[in-house]
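Me: I'd like to go through the charged side chains in this one with you. Can we take it question by question?

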Amino acid sequence: MAVLIAIFPIYSAVSSPSGNAKLHSYTLVGDGMTTTDTDKFATTEDTSCAQGAIPEPAPVPQPETGIVSQDEALLLYNGLMEYFYQQYGGISYEPTLPDWYGGGYLDNNRPDSIARLYVVLVEDLDTPALRQEIMDALGSDHVDFISGKYSLNHLHKLQENIMDYPAIQEVFAGSGVDEEENRTHLELTEVSDEILELLAGLDPDDDAIYVTVGQRAAVDVGVAW
């Protein structure tokens with residue numbers, strides 16, 4: 001029998017029991033869990049703020065579309081990285097990323113089975129002129145744009161800052177940057193109010209760090225190809 005994966009939204013960004021600080025949200029994950037199991041998985045310091053656990057709906061199966069051609073999109077992505085290197089420099093073939101760049105990923109779910117490059121632009125810096133600059137640099141208009149709140153530099157910095165805290169290091173299970181969702185993904189084996197307060201300090205708007213808590217193995221996130 002297949003083991004079901006249950007995913008529950010547990011914490012909202014609310015005041016801590018002491019009223020002194022805000023707590024970061026997190027999502028509880030586990031194997032074979034039901035809604036009646038959630039109380040024991042609330043924070044170890046207090047369970048009064050735990051919300052009703054509602055499983056996320058199962059993803060709708062997508063029809064098979066055959067082999068997706070990614071060649072053009074990958075060439076455009078590599079061209080974008082080369083443009084960054086020429087414009088802003090870099091270290092050991094790693095380009096310096098501009099602050100307007102929120103990430104890049106491939107859209108493989110297209111009816112023509114030809115992947116498309118998506119470039120995330122920081123919403124405060126997203127302009128028609130910038131989009132045209134990118135298309136001119138790539139020599140192609142076969143690129144789509146989407147606005148995101150955070151630069152990729154900021155998300156990578158958050159990923160580094162998270163590890164500055166021993167309390168987080170002790171329960172750390174994995175992390176990565178999800179460029180499609182424009183956020184850092186942090187996986188922990190357990191959580192406490194202390195950790196949630198630390199994360200709220202790093203992410204005051206509660207949308208740059210997506211926290212999952214549980215024993216499930218870490219997943220890879222990043223550029224989607």
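Me: Does K157 count as buried, partly exposed or exposed?
Reply: Keep in mind that this is a predicted model. The relative accessibility of K157 comes out at 45%. Buried means under 20% and exposed means over 50%, so K157 counts as partly exposed.

Me: Which residue forms a salt bridge with K157?
Reply: Look within helix α3, where K157 has a partner 3 residues away, about one turn of the helix. The closest N and O atoms of the pair are 3.8 Å apart, and the cut-off is 4 Å. That partner has 49% relative accessibility and counts as partly exposed. The residue is E160.

Me: Salt bridges that share partners join K149, D205 and which other residue into one network?
Reply: K149 and D205 form a salt bridge, with their closest N and O atoms 2.8 Å apart. The network also takes in one more residue through shared partners. That residue is D207.

Me: How many residues apart in sequence are the parts that K149 and D205 tie together?
Reply: K149 sits in the loop between β7 and α3, while D205 sits in the loop between α5 and β10. K149 is partly exposed at 34% relative accessibility, and D205 is partly exposed at 48%. Because the two loops lie at separate places in the chain, the pair ties together parts that are 56 residues apart.

Me: What is R116 by relative accessibility, buried or exposed?
Reply: R116 is in strand β6 and D144 is in strand β7, 28 residues apart. The two form a salt bridge, the closest N and O atoms being 3.2 Å apart. R116 has 19% relative accessibility, and the cut-off for buried is under 20%. So R116 counts as buried.

Me: How many salt bridges does a search of the whole structure find?
Reply: In general, side chains of opposite charge can pair when their charged atoms come close. Here we've looked at pairs including D144 with R116 and E160 with K157. Across the whole structure, the number of salt bridges found is 6.

Me: Which residue of the negative surface patch lies in helix α5, with a relative accessible area of 45%?
Reply: The negative surface patch is formed by E170, E190, E194 and E197. Patch residues need over 30% relative accessible area and no salt bridge. The one you're after is partly exposed at 45% and lies in helix α5: E194.

Definitions and conventions:
Residues are numbered from 1 along each chain as its sequence is written. This is a predicted model: local features need pLDDT of at least 70, side-chain atom pairs count only at pLDDT 80 or more; totals for chains, interfaces and linings use all residues. Side-chain values use heavy atoms; hydrogens and water are left out. A salt bridge is a side-chain nitrogen of Lys or Arg within 4 Å of a carboxyl oxygen of Asp or Glu. Helices (H or I, at least four residues) and strands (E, at least two) are DSSP runs, numbered from the N terminus. Buried means under 20% relative accessible area, exposed over 50%, partly exposed in between (1.4 Å probe, protein chains only). Patches are made of residues with over 30% relative accessible area and no salt bridge: like charges are joined within 9 Å, nonpolar side chains (Val, Leu, Ile, Met, Phe, Trp, Tyr) within 5 Å. Accessible areas come from the Shrake-Rupley method with a 1.4 Å probe; for residues, only the protein chains shown count as cover. Lys and Arg count as positive and Asp and Glu as negative; His and the chain ends are not counted. The place of a charge is taken as NZ of Lys, CZ of Arg, CG of Asp or CD of Glu.
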